[in-house]
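Please examine the sequence and the model displayed below before reading on. The paragraphs after the display serve as a guide to both.

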Amino acid sequence: MKTPVRVAVTGAAGQIGYALLFRIASGEMLGKDQPVILQLLELPLDKAQAALKGVIMELEDCAFPLLAGIVGTDDPEVAFKDADVAMLVGARPRGPGMERKDLLLENAKIFTAQGAALNKVASRDVKVLVVGNPANTNAYIAMKSAPDLKPENFTAMLRLDHNRALSQLAGKAGVAVGEIEKLIVWGNHSPTMYPDYRFATVGGASLKDRINDADWNANEFIPKVGKRGAAIIEARGLSSAASAANAAIDHVRDWLLGSNGKWVTMGIPSDGSYGIPEGVIFGFPVITENGSYTLVRDLPVDEFSQKAIDKTLGELEEERGGVAHLLG
Ligand code: NAI
């Protein structure tokens, strides 16, 4: 039997947690022959801990053969101990009357502490996925707070945006989602992101040529993908949870097991490519293999795309400026 992989999940009793944990434990993320130990973190509040206890009872009741252990805790250093994968889902939601700046700062406190705890106790090769919003900036803060860990192992989730864009494109072009390759979502996980299908193909042929509708791209596709989260809240009364959990599984599975040569979007620390300042956590096209990823380089950027990339970068730079004083 393989050695179990330790997967830490924060915000484990929340909506996304509830849609995520059972799939990890069933082997959908790391493979049907890979045992896992779940290390679950929730807030030190009676209600949150009680809800976590309930989730753990349900996990037990599934009798998953691959679930080799469960830890439930309110202490990040317990949750992250020797973690091989850390999925940081828990975050402070925006409360009534709360300004965006306050939201950033409240989350900065959480991700500074969690970055420091990862730095202290996690596996030296821990793969970190930040889901909790603002995801890119939270990932940046955690990365900066963990100086002994590899910066490239801190990533933010853009995969939900990528999957949303795939689905819209498939509908428009009348093709199956699985046939589309080489899609990119550049930038921040926010409505400023830029879903870019200029290089996308179906069966090797250009999807852009097939759709051939610049007006649809600018006025329907891009805004629709950007505002999809708000549309789900409007329809469901709650934010995306199952689709977010699904995207988190896609992100980690591809990172660890490989994307088989396909492009996927990950929020990763920039190495300065495409004019994105070094260290900014930005949605880029990557090809993944065996726990590492390679940036797809040297793609041409036209004027329309440059404008869109500048816009989403501007927002990320502003967020980074807002927390700079906390990071030394
Ligand atoms: P939720 O409110 O249902 O659950 C969040 C859970 O995190 C709660 O149980 C809460 O007690 C816990 N929590 C809060 N702070 C914590 C901390 N410091 N340590 C441990 N646990 C903590 O929220 P939901 O729907 O599960 O969403 C979680 C986050 O994911 C939100 O920030 C949401 O905006 C974000 N999100 C990101 C997406 C993306 O594509 N990157 C997509 C959808 C949601």
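The account that follows turns to the ligand and its surroundings, then to annotated arginines, and then to the nonpolar cores.

This is a predicted model, in which local features need pLDDT of at least 70 and side-chain atom pairs count only at pLDDT 80 or more, whereas totals for chains, interfaces and linings use all residues. Residues are numbered from 1 along each chain as its sequence is written, and side-chain values use heavy atoms, with hydrogens and water left out.

The ligand is a suitable place to begin. There are 22 residues around the ligand, and Gln15, Ile16, Glu42, Val131 and Asn133 come nearest; a residue counts as near if one of its heavy atoms lies within 4 Å of the molecule. Helix 1 (15–25) and helix 4 each supply at least two residues of this shell. Helices (H or I, at least four residues) and strands (E, at least two) are DSSP runs, numbered from the N terminus.

Several pairs of polar atoms link protein and ligand (for such pairs, a polar contact is two N or O atoms within 3.5 Å). A polar side-chain atom of Glu42 is 2.6 Å from a ligand oxygen, and a polar backbone atom of Ile16 is 2.9 Å from an oxygen atom of the ligand. At Val131, a backbone N or O atom lies 3.2 Å from a ligand nitrogen. On its own the ligand has 870 Å² of accessible area, of which the protein covers 81%; such areas come from the Shrake-Rupley method with a 1.4 Å probe, and for residues only the protein chains shown count as cover.

Two residues of helix 1 merit closer attention. Gln15 lies in this helix and is partly exposed, because its relative accessible area is 32%. Ile16 also belongs to helix 1, but counts as buried because its relative accessibility is 17%. Buried means under 20% relative accessible area, exposed over 50%, and partly exposed in between, with a 1.4 Å probe and protein chains only. Neighbours within four places in sequence aside, Gln15 is in contact (heavy atoms within 4.5 Å) with Arg236, Leu238, Ser239 and Ala241. With the same exclusion, Ile16 touches Val89, Val131, Ser240, Ala241, Ala244 and Ala245. An unreviewed UniProt entry annotates a "binding site" that includes Gln15, Ile16, Val131 and Asn133; UniProt positions are given in the numbering used here, feature names are shortened, and annotations may be inferred rather than shown by experiment.

The unreviewed UniProt entry also lists Arg94, Arg100, Asn133 and Arg164 under "binding site". These positions span 71 residues of sequence and are also spread in space, up to 24.7 Å between C-alpha atoms. Arg94 occupies the loop between strand 4 (85–88) and helix 4 (100–121), while Arg100 is in helix 4. Beyond neighbours within four places in sequence, Arg100 is in contact with Arg94, Glu315 and Glu319.

Finally, the largest nonpolar core has 43 residues, and Leu169 and Leu207 are among those with the most contacts inside it. A nonpolar core is a set of buried Ala, Val, Leu, Ile, Met, Phe, Trp, Tyr and Cys residues joined through side-chain atoms within 4.5 Å. Helix 6 gives the largest share of this core, five residues. Apart from it lies another core, of 35 residues, including Leu30, Val36, Val55 and Phe64.

Technical notes:
Polar contact = N/O pair within 3.5 Å; in protein donor to acceptor, adjacent residues only side chain to side chain.
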